[in-house]
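Please find below some notes on the salt bridges and the strand pairing, set out as numbered points for reading beside the coordinates.

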Amino acid sequence: MIKPRRWLPIPLLSLLLLAVWLLMVRSLSPGHILLGSVLALVIPLYTYRFWDVQPSVRRPGLLLRFVFRVLGDIIVANFQVAWLIINPWRRTRPHFVEYPLMLQERFTITLLANTISLTPGTVSANLRMDGDTLLIHALDVEDDEALIEQIRERYERPLKEIYEC
């Protein structure tokens with residue numbers, strides 16, 4: 001008997017691929033469902049070797065709270081950036097900040113960098129080769145240490161608890 005992991009290495013990706021295919025063709029005909037299903041099975045089979053091992057979620061409740069926190073921060077940051085744009089007399093203080101990482105896993109570092117980039121007004125610009133610091137560009141920075149502490153408390157510590165413990 002074939003083990004499920006062997007013929008379906010990434011089940012969520014397969015479901016997502018099938019859903020995206022059906023949305024793209026805008027049809028639920030049997031032919032499109034069959035073709036989408038074949039693609040949803042074949043693509044992960046040929047690409048799973050290139051994927052890093054995904055860490056398990058150790059605290060799913062905290063993950064849900066983290067997602068809502070990030071969504072709230074994105075909304076608030078949009079208003080802050082809009083306020084900076086419509087007030088031309090206020091001078092922005094753009095700045096690059098070297099952020100020392102506590103995270104060790106590449107997956108969680110990537111999540112942190114993406115979270116920072118999703119929030120308007122900040123962009124993660126570079127990860128040092130040693131993997132110990134992340135270069136962040138912020139649109140308006142009063143205090144480097146305050147920005148570092150805010151990112152550490154709001155994003156990095158929860159990610160460490162959720163994935164790395």
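1. In this predicted model, the side chains of E161 and R59 come together in a salt bridge, with a distance of 2.7 Å from N to O. E161 belongs to helix 6 (residues 144-164), whereas R59 sits in the loop between helix 3 (30-47) and helix 4 (60-86), so this pair ties together parts that lie 102 residues apart in sequence. As to accessibility, E161 is partly exposed at a relative accessible area of 36%, and R59 is likewise partly exposed, with a value of 40%.

2. A search of the whole structure finds 7 salt bridges, and the pair E161 and R59 just described is a salt bridge of this kind. The points that follow take up further pairs by residue.

3. The side chains of R93 and D140 also meet in a salt bridge, at 3.2 Å from N to O. Here R93 lies in the loop between helix 4 and strand 1 (95-100), while D140 lies in the loop between strand 3 (133-138) and helix 6, so the contact ties together parts that are 47 residues apart in sequence. R93 counts as partly exposed, at 34% relative accessibility, and D140 is partly exposed as well, with a relative accessible area of 27%.

4. Within helix 6, how far apart are the closest N and O atoms of the salt bridge between R152 and E156? They are 3.3 Å apart, and the two residues, being 4 positions apart in helix 6, are separated by about one helical turn. Are R152 and E156 buried or exposed? Both of them are buried, which means that each has a relative accessible area under 20%.

5. Salt bridges that share partners join R93, D140 and E142 into one network. When inspecting the R93 and D140 contact, for which the N to O distance is 3.2 Å, the reader may therefore wish to display E142 too, because shared partners place these three residues in one network.

6. Turning to the strands, strand 2 (residues 122-127) and strand 3 pair in the antiparallel sense, over 5 bridges. Within this pairing, L127 has L134 of strand 3 as its bridge partner. The hairpin formed by strand 2 and strand 3 has 5 residues between the strands, and in this hairpin G131 takes a positive phi near 75 degrees.

Conventions: Residues are numbered from 1 along each chain as its sequence is written. This is a predicted model: local features need pLDDT of at least 70, side-chain atom pairs count only at pLDDT 80 or more; totals for chains, interfaces and linings use all residues. Side-chain values use heavy atoms; hydrogens and water are left out. A salt bridge is a side-chain nitrogen of Lys or Arg within 4 Å of a carboxyl oxygen of Asp or Glu. Buried means under 20% relative accessible area, exposed over 50%, partly exposed in between (1.4 Å probe, protein chains only). Two strands pair if DSSP finds at least two bridges between them.
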